[in-house]
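Dear colleague,

I am passing on the structure that I mentioned, so that you can have it open while you read. My notes on what was found in it follow below.

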Amino acid sequence: MERYETGIVWLRRDLRLRDNVALYEASKACKTVCVAFVLNPPLLADDRMGAPLVNVFFGAITALRATLRREGSDLALLCGGFAQELTALAARVGARAVYFNEDYEPSALERDRHVVEALRQRGVDVYPHLDHVYYGSEDIERAGGAPYKVFTPYKRHWLELLSVAPRPPVPSLRTLRGRLASPDTIGTTQPDPAPESFGFPANGRYPHASESSAGERLKAFLRPDGGADAYRNAREYPSLDGTSQLSPHLRAGTIGIRTCVAAALERREESRGTTRAGIDAWITELIWRDFYQTILKRFPHVTVSPFVPAAKNIPWRPPGTEFEAWTHGRTGYPLVDAAMRQLNATSWMHNRLRMIVASFLTKNLLVDWRMGERYFERHLADADVAANNGGWQWAASTGTDAAPYFRMFNPVEQSRRFDAGGVFIKSMIPELANVPERFIHEPWTMPPSLQEAAGARIGVDYPAPIVELRASRTRALDVFKAALSGDAGVTT
DNA sequence: TTTTGAGTTGTTCGA
DNA sequence: GTCGAACAACTCAAA
């Protein structure tokens with residue numbers, strides 16, 4: 001039933017045409033649909049915004065526009081203030097309705113309140129939809145309406161809901177045929193966005209995100225022997241290609257979460273044993289994604305302060321040269337450094353490594369988790385406030401369902417367990433390429449003659465450890481114990 | 001309201 | 001080398 005002649009679909013972090021709730025709803029209610037995206041210079045100039053994410057988004061926008069053009073339409077690419085640009089577009093194309101998908105980030109919610117008000121004041125109806133998460137912040141809550149703070153009961157509830165109320169992908173593009181606004185109607189819009197014009201380099205090795213590449217990735221991952229089969233174990237090892245690699249896609253919305261879950265469930269049906277275990281483990285990761293999104297929506301203060309109030313007492317040390325060394329992958333701990341170099345070189349970091357470097361920064365170096373969170377945000381192609389914040393607060397023992405403070409990673413021990421042969425380390429740290437296997441996790445223990453022979457002189461070719469593990473561990477345990485038990489006044 | 005069981009991802013120490 | 005205990009209580013969730 002068509003209630004509107006023309007409607008606008010305002011895309012934000014859902015850069016796709018398939019399995020897009022707002023687009024689908026608009027296509028049912030509007031005779032003509034105009035797809036829009038707003039580039040906002042102040043947002044792009046914010047110092048939390050990093051080149052990798054900008055490149056992923058701009059690439060996805062360009063790909064989306066190409067698809068729309070093949071359909072005889074175009075993307076209404078705007079640049080300016082959100083409310084101003086959208087009200088102007090609505091007036092230009094004669095739209096009486098705007099559809100969009102909700103974003104739980106506090107700054108996005110604030111922006112949306114403002115835009116919705118501006119549009120409604122001008123008589124434009126606005127329809128927000130739930131799309132970015134499988135289940136929203138109000139779908140999964142405890143009796144009485146309180147949000148879950150612990151993952152396991154949240155997951156249990158999520159799976160129960162899945163068994164009675166799954167959310168299949170919304171019907172696809174066919175419904176849109178012939179109803180997309182013509183380029184003439186859309187009028188003049190911005191050229192394809194270039195990172196350089198907003199001060200970002202475009203020459204990094206950034207992942208390419210488009211709706212088609214996302215679909216192929218999902219298919220490849222779930223195909224027999226495609227990664228999901230061995231996921232439960234393989235995902236722990238950074239030298240293996242054991243993860244889905246879908247995170248930039250889920251960030252930019254080049255694939256829909258319902259599509260991912262539906263594909264996983266379909267594969268699960270026909271599988272047994274380790275394969276089924278692999279699929280289950282992956283679904284659990286998708287549930288974590290919903291969980292942290294929900295936490296962000298229900299506890300927006302986590303973006304600025306610890307979830308656990310007592311954690312405000314932790315006397316973080318000022319970030320100085322040690323923080324600098326951490327960012328450059330020059331801490332002297334091979335796996336930590338390899339991880340940071342992977343991030344700097346590829347704009348992505350393996351999940352286990354994220355935990356290890358986060359534990360190292362917040363525990364061994366006692367640097368505020370917000371410093372690490374910020375660095376990740378600027379350097380990850382999949383930078384997402386909810387997941388990133390949740391992960392950092394977990395590692396720092398300041399978050400929901402936090403690790404007990406004494407659960408502290410030992411970077412050497414982790415290295416032995418998850419990169420036993422040093423394959424990953426050597427792939428990221430050329431200085432250590434010729435270090436014998438038995439010394440790769442602790443190269444500073446090499447005799448000087450061996451250091452010379454391997455071309456890895458400690459303190460010359462590769463840094464000596466910037467902190468001593470045992471001492472920094474004890475220091476962290478003392479500080480956290482005092483701070484979290486409410487005993488302020490601890491000094492470092 | 002009270003009680004009870006449980007809680008992503010670890011490390012170290014001593015038997 | 002392997003194994004269990006200690007790390008330290010505390011909050012959450014549900015009965």
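Helices and strands here are DSSP runs, a helix having at least four residues and a strand at least two, and they are numbered from the N terminus. In those terms, serine 347 sits in the loop that joins helix H14 (334-346) to helix H15 (351-364). Please keep in mind throughout that this is a predicted model.

Serine 347 has a phi near 65°, which is a positive value in a residue other than glycine. Most residues other than glycine have a negative phi. Serine 347 is also buried, with 23 other C-beta atoms within 10 Å. A positive phi, of about 50°, is found as well at aspartate 19, which is not a glycine either, and aspartate 19 belongs to the loop between strand E1 (4-11) and helix H1 (21-29). Aspartate 19 counts as buried because it has 23 C-beta neighbours inside 10 Å, where 20 or more are needed.

Turning to the overall layout, chain A is divided into domain 1 (1-132), domain 2 (133-169 + 211-298) and domain 3 (309-484). The C-alpha centres of domain 1 and domain 3 lie 39 Å apart, and seven residues of domain 1 are in contact with 10 residues of domain 3. On the side of domain 1 that touches domain 3, four residues are nonpolar, one is polar and two are charged.

Helix H11 (residues 257-269) has 13 residues and spans 18 Å from its first C-alpha to its last, close to the 18 Å expected at 1.5 Å a residue. Its buried residues are Ile257, Cys260, Val261, Ala264 and Arg267, and, seen down the axis of H11, they fall within an arc of 130°, so they line one face of the helix. The face turned away from that buried side carries Glu266 and Glu269, which are exposed. The cover over the buried residues of H11 includes helix H8 (211-222), helix H10 (247-252) and helix H12 (273-298).

As for the DNA, there are 15 residues around strand B, of which Phe151, Thr152, Asp401, Asn410 and Glu413 come nearest. Helix H6 (151-164) and helix H18 (411-418) are the elements that give two or more residues to this surface, and by class the surface near strand B has nine nonpolar, three polar and three charged residues. DNA strand C is surrounded by residues including Arg142, Tyr148, Lys149, His157, Phe406 and Lys481, and the surface near strand C divides into six nonpolar, one polar and three charged residues.

With best wishes

Conventions: Residues are numbered from 1 along each chain as its sequence is written. Chains are lettered from A and ligands numbered from 1 in the order in which they are written. This is a predicted model: local features need pLDDT of at least 70, side-chain atom pairs count only at pLDDT 80 or more; totals for chains, interfaces and linings use all residues. A residue is near a molecule or strand if its C-beta atom, placed from the backbone, lies within 6 Å of it. Ala, Val, Leu, Ile, Met, Phe, Trp, Tyr, Cys and Pro count as nonpolar, Asp, Glu, Lys and Arg as charged, and the others, Gly among them, as polar. Domain bounds come from an automatic or database domain assignment. Two residues are in contact if their C-beta atoms, placed from the backbone, lie within 7 Å. The expected span of a helix is 1.5 Å times one less than its number of residues. A residue is buried if 20 or more other C-beta atoms lie within 10 Å of its own, exposed if 12 or fewer, and partly exposed in between; C-beta atoms are placed from the backbone. The arc is that of the directions from the helix axis to the C-beta atoms.
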